Amino acid sequence: MMISTKGRYALRLMIDIASREQDGSPVTMRQAAAREDLSVKYLEQLGGALVKAGILKSIRGVSGGYLLAKPAEGITAGDVLRATEGSCAPVACLEDGAEACPRRGECVAVNFWRGLDRTIEGYVDGVTLADLVKMG
């Protein structure tokens with residue numbers, strides 16, 4: 001599974017915001033972009049997806065910016081990745097919808113892919129933003 005720049009940058013953004021949570025002040029995308037050496041415009045796009053997913057909240061106004069929508073202990077790396085990447089499934093055949101594999105029910109390899117998917121999901125859902133702030 002390859003995580004795109006969307007997922008990688010979103011995780012960096014969320015760690016940046018979580019690490020400043022004790023200040024109580026909203027973080028602007030300009031501040032986060034400067035600290036992380038990323039594009040403000042790109043972070044703004046990611047911010048919209050993270051707000052829509054309910055893990056980030058936007059504060060409007062002169063002293064506005066972004067805050068975590070819930071405590072860092074309650075937001076996992078998996079939450080962030082799914083908000084920006086969509087599914088974390090390692091192969092498209094595990095996904096429902098238009099890409100669902102018609103042979104999924106009889107595929108000899110599908111149990112391997114399901115196991116890998118469970119392992120990935122278990123790992124990304126087992127690491128919180130609070131953990132990532134401590135690791136940094």
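The chain holds 6 helices and 2 strands; helices (H or I, at least four residues) and strands (E, at least two) are DSSP runs, numbered from the N terminus. Starting at the N terminus, the order of elements is α-α-α-β-β-α-α-α. This is a predicted model, in which local features need pLDDT of at least 70 and side-chain atom pairs count only at pLDDT 80 or more, while totals for chains, interfaces and linings use all residues. Residues are numbered from 1 along each chain as its sequence is written, and side-chain values use heavy atoms, with hydrogens and water left out.

**Overall dimensions**

Along its principal axes, the C-alpha trace spans about 60 × 30 × 25 Å. The chain has 136 residues, and 36% of them count as buried. Here buried means under 20% relative accessible area, exposed means over 50%, and partly exposed is in between (1.4 Å probe, protein chains only). The chain exposes about 8,000 Å², with carbon and sulfur atoms supplying 53% of it; these areas come from the Shrake-Rupley method with a 1.4 Å probe, and for residues only the protein chains shown count as cover. If you look at contacts (heavy atoms within 4.5 Å), 61% of those between residues at least 6 apart in sequence join residues at least 24 apart.

**The nonpolar cores**

Let's go inside. A nonpolar core is a set of buried Ala, Val, Leu, Ile, Met, Phe, Trp, Tyr and Cys residues joined through side-chain atoms within 4.5 Å. The largest one has 26 residues, of which Met14, Leu43, Leu50, Leu68, Val80 and Leu129 touch the most other members. At least two residues each are supplied to this core by α1 (5-19), α2 (29-36), α3 (40-52), β2 (65-68), α4 (77-85) and α6 (129-135). The largest share, 6 residues, comes from α1. Another core, of 5 residues, lies apart from it and includes Val91, Cys93, Leu94 and Val110.

Leu43 is a handy residue to click on. Not counting neighbours within four places in sequence, Leu43 is in contact with Tyr9, Leu13, Met29, Ala32, Ala33 and Leu38.

**Helix α1 and its surroundings**

How far apart are the end C-alpha atoms of α1? They are 21 Å apart, which agrees with the 21 Å that its 15 residues should span at 1.5 Å a residue; the expected span is 1.5 Å times one less than the number of residues. The buried residues of α1 are Gly7, Ala10, Leu11, Leu13, Met14, Asp16, Ile17 and Ala18. An α-helix has 3.6 residues a turn, so residues three or four places apart point the same way. The buried residues of α1 pack against α2, α3, β1, β2, α4 and α6.

Thr84, found in helix α4, also meets α1 residues. Leaving out neighbours within four places in sequence, Thr84 is in contact with Lys6, Gly7, Ala10, Leu46 and Leu50. Its side chain reaches the backbone oxygen of Val80 at 3.0 Å.

**The hairpin**

Strand β1 (residues 56-59) and β2 run antiparallel and are joined by 4 bridges; two strands pair if DSSP finds at least two bridges between them. Lys57 has Leu67 as its bridge partner in β2. The hairpin has 5 residues between the strands, and Gly61 in this hairpin takes a positive phi near 110°.

**Four residues to compare**

Here are four residues with their relative accessible areas.

| Residue | Relative accessible area | Class |
|---|---|---|
| Thr84 | 7% | buried |
| Ser4 | 26% | partly exposed |
| Leu116 | 30% | partly exposed |
| Asp37 | 70% | exposed |

Asp37 lies in the loop between α2 and α3. Its phi is near 55°, a positive value in a residue other than glycine.

Leu116 lies in helix α5 (residues 110-124). From C-alpha to C-alpha, Leu116 and Ala18 are 29 Å apart in space, with their positions 98 residues apart in sequence.

Ser4 is in the segment before α1. The C-alpha atoms of Ser4 and Asp131 are separated by 22 Å, and these residues are 127 residues apart along the chain.

Note on methods
Polar contact = N/O pair within 3.5 Å; in protein donor to acceptor, adjacent residues only side chain to side chain.
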